[in-house]
Amino acid sequence: MASPDRISQTLSRHELRQTPVRRAVLQTLLESSFALSGHEIEQKIGGDTDRITLYRTLKTFEESGLIHRVIDTSDTVRYAACSIECSAHAHFDNHVHFKCTNCQHIYCLNQVAIPAVQLPDKFEAKTRDYLLAGVCRECQE
């Protein structure tokens with residue numbers, strides 16, 4: 001469980017106000033072992049949270065380097081907590097994502113870097129997404 005101190009320190013480090021919704025969203029993402037959709041976050045933090053406030057919070061967190069988007073083959077946007085080194089000006093989420101074809105969860109494989117790709121002349125990549133699919137360790141047991 002993410003401690004209240006860790007949540008406070010993280011929001012302070014990113015110079016963000018500590019509202020109840022921000023605290024709840026950050027705690028939910030820090031405690032999840034897999035990426036969550038906006039709908040899943042909304043369900044976990046409670047139904048009385050305004051949906052506009054939730055999505056503004058997610059946008060603010062993404063712009064501040066607290067979270068990153070994970071897009072799967074169904075075009076569902078999911079969110080995962082960034083590494084502690086990330087900031088608004090430097091994201092270090094250059095890792096592989098893994099989608100379990102059984103439970104549909106998407107995991108950040110932080111220890112697995114996206115491999116270098118040599119692009120043809122006059123091609124310049126702006127973003128890098130790398131998604132592997134298979135069966136996660138939880139579903140194999």
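## Spaces, a core and a helix

The largest cavity in this structure has a volume of about 50 Å³. Keep in mind as you look around that this is a predicted model. In total, the structure holds 1 cavity of 30 Å³ or more. What lines it? Walk around the wall of the largest cavity and you meet Arg69, Val70, Ile71, His97, Asp129, Tyr130 and Leu131. Strand E2 (residues 67-71) gives the largest share of that lining, with 3 residues.

Now for the open space. The largest pocket takes in about 380 Å³. It has 22 lining residues, and the closest to its centre are Arg6, Leu30, Ala81, Cys82 and Ser83. Which elements build the wall? H1, H2, strand E3 (77-81) and strand E5 (106-113) each bring at least two residues to the lining of the largest pocket, and H1 gives the most, with 4 residues.

Here are the two linings, side by side:

| Space | Volume | Nonpolar lining | Polar lining | Charged lining |
|---|---|---|---|---|
| Largest cavity | about 50 Å³ | 4 residues | 1 residue | 2 residues |
| Largest pocket | about 380 Å³ | 12 residues | 8 residues | 2 residues |

Since H1 turned up in the pocket wall, let's take a look at that helix. Helix H1 covers residues 4-13, and its buried residues are Ile7, Thr10 and Leu11. Looking down the axis of H1, you'd find these buried residues within an arc of 95°, so they line one face of the helix. Over on the other side of H1, Asp5 and Gln9 are exposed. And what do the buried residues of H1 pack against? Their partners are helix H2 (20-31) and helix H4 (51-64). Just after H1 comes glutamate 15, which takes a positive phi of about 55°.

Leu11 leads us straight into the largest nonpolar core. That core has 21 residues, and Leu11, Val25, Leu29, Ile41, Leu58, Phe61 and Ile67 are the ones that touch the most other members. At least two residues of this core come from each of H1, H2, helix H3 (38-45), H4 and strand E4 (95-100). H2 supplies the largest share, 4 residues. As background, nonpolar side chains tend to be buried together in soluble globular proteins.

Phe61 is a good place to zoom in. Setting aside its neighbours within four places in sequence, phenylalanine 61 is in contact with Leu11, Leu16, Arg22, Val25, Leu26, Leu66 and Ile67. Among these contacts, Leu11 is also one of the buried residues of H1.

Key:
Residues are numbered from 1 along each chain as its sequence is written. This is a predicted model: local features need pLDDT of at least 70, side-chain atom pairs count only at pLDDT 80 or more; totals for chains, interfaces and linings use all residues. Side-chain values use heavy atoms; hydrogens and water are left out. Buried means under 20% relative accessible area, exposed over 50%, partly exposed in between (1.4 Å probe, protein chains only). The arc is that of the directions from the helix axis to the C-beta atoms. Contact means heavy atoms within 4.5 Å. On a 1 Å grid over the protein atoms alone, a cavity is a set of points where a 1.4 Å probe fits but cannot get out, and a pocket is an open set with protein on both sides within 12 Å along at least five of seven lines; lining residues have an atom within 4 Å of a point. Grid points are joined across faces, edges and corners, and a volume is the space filled by probe spheres set on the points. Ala, Val, Leu, Ile, Met, Phe, Trp, Tyr, Cys and Pro count as nonpolar, Asp, Glu, Lys and Arg as charged, and the others, Gly among them, as polar. A nonpolar core is a set of buried Ala, Val, Leu, Ile, Met, Phe, Trp, Tyr and Cys residues joined through side-chain atoms within 4.5 Å.
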